[in-house]
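Me: I would like to understand this structure better. Could you take a close look at its charged side chains, and then set them in the context of the rest of the chain?

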Amino acid sequence: KRQVSTQSTGEKHNLYESVKKDKILLLMEYNQERAVELLVNKADEIDVDTVVDQLQNHPRNLYVYLNALLAKNPQLGTKYHEKQVELLAEYNPSSLMDFLKTSSYYPLEKAYKICEQKKLYEEMVFILGRMGNTKDALALLMEKVLDVKKAIEFVKQNNDEELW
């Protein structure tokens with residue numbers, strides 16, 4: 001007679017122990033979607049720092065993981081928001097502005113430099129505005145973004161007489 005196991009798949013294959021022993025990349029390469037789902041859903045059992053450490057040299061995988069983690073719970077990965085700015089600029093620049101607007105857990109100067117390297121001018125304008133450097137932000141809008149309508153809107157939003 002065949003015995004039916006009452007152990008879960010995670011217990012049977014000791015998945016959590018494998019994850020802790022440098023196997024996260026292997027899981028990601030085998031099935032990225034399922035690996036990320038497991039890692040994010042079990043973030044209370046599988047330490048975020050452990051995952052990030054193991055994926056550090058694999059930025060595409062790290063981007064996918066952090067993106068899923070932050071989508072589920074932005075507070076879980078706050079110490080990695082700086083890294084996420086870099087990864088978004090590289091892999092998904094169209095969603096970087098939303099991230100910049102919703103997070104305050106990244107250094108503005110570093111985010112600015114990352115955006116400057118990638119020539120992400122609108123993001124640079126936003127960061128300059130956040131830093132209080134509205135004159136440079138307006139100049140960038142006029143010289144690089146070349147959008148007078150956005151420049152006028154920027155001046156109105158910042159309510160700074162000197163910008164007019």
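Reply: Happy to. Let's start with K42, whose relative accessible area of 27% makes it partly exposed, because that class runs from the 20% limit for buried up to the 50% limit for exposed. Please keep in mind that the model is predicted. K42 pairs with E45 in a salt bridge, and the closest N and O atoms are 3.9 Å apart. The cut-off for such a pair is 4 Å, so K42 and E45 at 3.9 Å qualify. E45 is partly exposed as well, at 38% relative accessibility.

The structure has 5 salt bridges, and two others deserve your attention. In one of them, the side chains of K110 and E82 meet with 2.9 Å from N to O. K110 belongs to helix α8, residues 108-118, while E82 belongs to helix α6, residues 81-91, so this pair ties together parts of the chain that are 28 residues apart in sequence. K110 is partly exposed at 40% relative accessibility, and E82 is partly exposed with a relative accessible area of 30%.

E90 and K118 form the other one, with an N to O distance of 2.4 Å. Here, too, distant parts of the chain are linked: E90 sits in helix α6 and K118 in helix α8, 28 residues apart. E90 has a relative accessible area of 43% and is partly exposed; K118, at 38%, is partly exposed too. Helices α6 and α8 are therefore joined by the pair K110 and E82 and also by the pair E90 and K118.

Where does E123 sit, buried or exposed? E123 is buried, because its relative accessible area is 10% and the limit for that class is under 20%. This glutamate lies in helix α9, residues 121-130. Leaving aside residues up to four places away in sequence, E123 touches P93, L96, M97, L100 and C115. One of those partners, L96, is among the members of the largest nonpolar core that touch the most other members.

That brings us to the core itself. The largest nonpolar core has 40 residues, and L55, Y65, L66, V85 and L96 are the members with the most contacts to other members. Helix α5 gives the most to this core, with 6 residues. In soluble globular proteins, nonpolar side chains tend to be buried together.

Helix α5 covers residues 59-72, and its 14 residues should span 20 Å at 1.5 Å a residue; the C-alpha atoms at its ends are 20 Å apart, which agrees. Its buried residues are N61, L62, Y63, Y65, L66, L69 and L70. L66, apart from residues up to four places away in sequence, touches V52, Y80, K83, Q84 and L87. N61 is a polar entry in the α5 list: at 14% relative accessibility it counts as buried. Its contacts beyond four places in sequence are L25, M28, Q32 and L55.

Both of these α5 residues lead on to helix α4, since N61 touches L55, L66 touches V52, and both L55 and V52 are among the buried residues of α4. The full buried set of α4 is V48, V51, V52, Q54 and L55. These residues cover an arc of only 165° around the axis, which puts them on the same side of α4. An α-helix has 3.6 residues a turn, so residues three or four places apart point the same way. T50 is also in α4, residues 48-55, but it counts as partly exposed at 24% relative accessibility. The C-alpha atom of T50 is 9.0 Å from that of I24, a residue 26 positions away along the chain.

Finally, the wider setting. The chain contains 11 helices and 0 strands. Of its 164 residues, 35% are buried. Among contacts with a separation of 6 or more, 47% join residues 24 or more positions apart. The accessible surface comes to about 10700 Å², and carbon and sulfur atoms account for 46% of it.

Note on methods
Residues numbered from 1 in each chain as written. Predicted model: local features only at pLDDT ≥ 70, side-chain atom pairs only at ≥ 80, totals over all residues. Heavy atoms only, no water. Helix = DSSP H or I, 4+ residues; strand = E, 2+ residues; numbered from the N terminus. Buried < 20%, exposed > 50% of the residue type's maximum accessible area, 1.4 Å probe, protein only. Contact = heavy atoms within 4.5 Å. Areas by Shrake-Rupley, 256 points an atom, 1.4 Å probe, with all protein chains shown as cover. Expected span 1.5 Å × (residues − 1). Arc of directions from axis to C-beta. Core = buried A, V, L, I, M, F, W, Y, C linked by side-chain atoms within 4.5 Å.
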